[in-house]
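Trainee: Could you take a close look at one buried spot in this model and work outwards from there? I'd like to know what packs around it and where any empty space sits.

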Amino acid sequence: MSTENVIDNEELLTDEEIADIEKEVGVDNSEKEVGKKSIYVMLEEEIMSLDMPDSERAKRLSRLIKVRNQKVNIMLTGSTGAGKSSTVNALFDMDVAKVGVGVDPETAFIEKFELDNLTIWDTPGLGDGIASDERISRSILEKLNELDENGNPLIDLIVVILDSSSKDLGASYDLINKVLIPALGDDAKDRILLALNQADVAMKGTHWDAEKNAPDEVLKEFLKKKADSVQNRVKEATGLSIRPIYYCAGYKEDGGEQHKPYNLTKLLYYIIKAVPKDKRLALADNIKDEEDNWLHDDKEDNYKAGIKRSFGETVWDCITDGAEDGAEIGGNILGIPGKIVGTAVGAAVGAVKGIFVAIFDR
């Protein structure tokens with residue numbers, strides 16, 4: 001059944017037609033997990049519960065289908081030991097990921113982790129030799145030139161993980177300056193995120209406040225200077241100014257204590273901001289539901305509110321098409337100021353908020 005025909009039809013839809021649309025959304029009961037509902041299920045339920053003409057309900061469900069079909073591809077790269085694996089494990093629910101590799105010979109050793117509509121491409125570590133780095137660079141370049149089914153670049157975002165405790169970032173600079181930025185051209189600033197991991201062991205870990213799970217003032221100044229240095233090196237080589245984010249993904253040394261993540265919320269916030277707005281809900285369904293991961297950050301901004309606002313904007317712009325007639329809703333909803341017009345908007349955005357209350361508002 002053509003969704004477009006349903007939208008243009010002003011007559012009431014039959015139960016069978018509504019069921020067809022629900023099925024196309026792809027969030028039937030078989031997709032629901034015990035104790036956890038997909039964000040798409042929640043949004044569909046909110047839309048279906050509203051008192052509105054069937055034709056309007058069909059429009060909203062059709063928009064949800066479009067959002068549901070959006071796929072996000074994130075590439076992780078960096079030097080061996082920089083913490084790519086610990087980062088992706090801290091950010092996303094990797095326990096349910098399907099693991100695979102690239103199908104082309106050039107990309108065959110890039111690991112592929114699929115979490116529903118989110119795919120993580122994990123590249124081998126740099127810095128193990130010139131020949132190895134060249135092979136990895138060719139593989140990354142090949143992947144960056146792949147297109148999706150719509151003819152757009154497959155990779156939405158590249159996160160370059162740097163070791164903030166290391167003085168030797170040469171291999172990473174070569175990749176950033178000689179491969180990534182030239183390959184992406186004008187899109188480079190929007191599609192590259194630089195992340196300084198292992199902030200807790202920089203300066204040999206002597207200035208990490210374990211009780212607060214945060215750097216002391218000495219280490220904080222060091223990390224800011226490290227970020228300045230990386231930003232300046234990249235700008236001098238390419239003319240592009242990209243500000244790195246320093247953080248700690250959390251790790252456990254052999255026989256040691258588990259370190260809690262720091263600034264992971266900030267990293268997630270910038271990842272979400274970098275992903276196209278109509279694709280963000282693919283991230284929402286896969287965020288790691290681990291309270292300790294989101295407790296500690298630099299307090300320079302309210303990243304949790306920013307995350308909720310970003311997903312709220314997606315619901316508002318993509319599902320309601322940005323403008324609706326109906327009842328006015330006052331106050332702030334997920335950080336969206338003023339009055340929001342449209343009965344279903346408040347319900348749908350409320351559904352999004354419900355998911356993140358469980359993670360961020362405990």
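**From one serine outwards**

Mentor: Let's start at Ser 172, which is buried, with a relative accessible area of just 1% (buried is under 20%, exposed over 50% and partly exposed in between, using a 1.4 Å probe and protein chains only). Keep in mind that this is a predicted model, where local features need pLDDT of at least 70 and side-chain atom pairs count only at 80 or more, while totals for chains, interfaces and linings use all residues. Numbering runs from 1 along each chain as its sequence is written, and side-chain values use heavy atoms, with hydrogens and water left out.

Ser 172 belongs to helix H7, residues 170-184 (helices are DSSP H or I runs of at least four residues, strands E runs of at least two, numbered from the N terminus). Which residues does Ser 172 touch, once you leave aside its neighbours within four places in sequence? They are Ser 79, Leu 126 and Leu 162 (contact means heavy atoms within 4.5 Å).

Thr 87 makes a good second stop. It sits in helix H5 and, with a relative accessible area of 1%, it is buried too. Skip the neighbours within four places in sequence, and Thr 87 is in contact with Ile 161, Asn 197, Tyr 247, Ala 249 and Leu 267. There's also a pairing across the chain here: Thr 87 and Gly 250 are 163 residues apart in sequence, yet their C-alpha atoms are 7.9 Å apart in space.

Thr 87 also takes us to the empty space, since it is one of the residues lining the largest cavity, along with Ile 74, Leu 76, Val 88, Leu 91, Phe 92, Ile 120, Val 159 and Ile 271. Strand S1 (72-78) and H5 (84-91) are the elements that give two or more residues to that lining, and H5 has the largest share, with three. The lining divides into eight nonpolar residues, one polar and no charged (Ala, Val, Leu, Ile, Met, Phe, Trp, Tyr, Cys and Pro are nonpolar, Asp, Glu, Lys and Arg charged, the others, Gly among them, polar). The volume of this cavity is about 60 Å³, and the count comes to one cavity of 30 Å³ or more. On a 1 Å grid over the protein atoms alone, a 1.4 Å probe fits in a cavity but cannot get out; a pocket is an open set with protein on both sides within 12 Å along at least five of seven lines, and lining residues have an atom within 4 Å of a point. Points join across faces, edges and corners, and volume is the space filled by probe spheres set on them.

Now for H10. Leu 267, the Thr 87 contact, is buried in this helix, as are Leu 264, Thr 265, Lys 266, Leu 268, Tyr 269, Ile 271 and Ile 272. Eight of the eleven residues of H10 are buried, so the helix is largely enclosed by the rest of the structure. H4 is mostly covered as well: 13 of its 15 residues are buried.

H10 (264-274) also turns up at the second largest pocket, where helix H8 (188-191), strand S6 (192-197), helix H9 (217-238) and strand S9 (245-246) each supply at least two lining residues too. With four residues, H10 gives the most. About 450 Å³ of space lies in this pocket, and of the 21 residues that line it, Leu 193, Arg 243, Pro 244, Ile 245 and Tyr 270 are the closest to its centre. Its lining has ten nonpolar, two polar and nine charged residues, set against no charged residue in the lining of the largest cavity.

For contrast, try two lysines in loops. Lys 204 lies between S6 and strand S7 (208-209) and counts as exposed because its relative accessibility is 80%. Its phi is near 60°, a positive value in a residue other than glycine. Lys 299, in the loop between helix H11 (281-284) and helix H12 (303-319), has phi near 65°, again positive in a non-glycine residue. Lys 299 is exposed, with a relative accessible area of 62%.

Last, the whole chain: it has 13 helices and eleven strands, and 51% of its 362 residues count as buried. Of the contacts between residues at least 6 apart in sequence, 68% join residues at least 24 apart.
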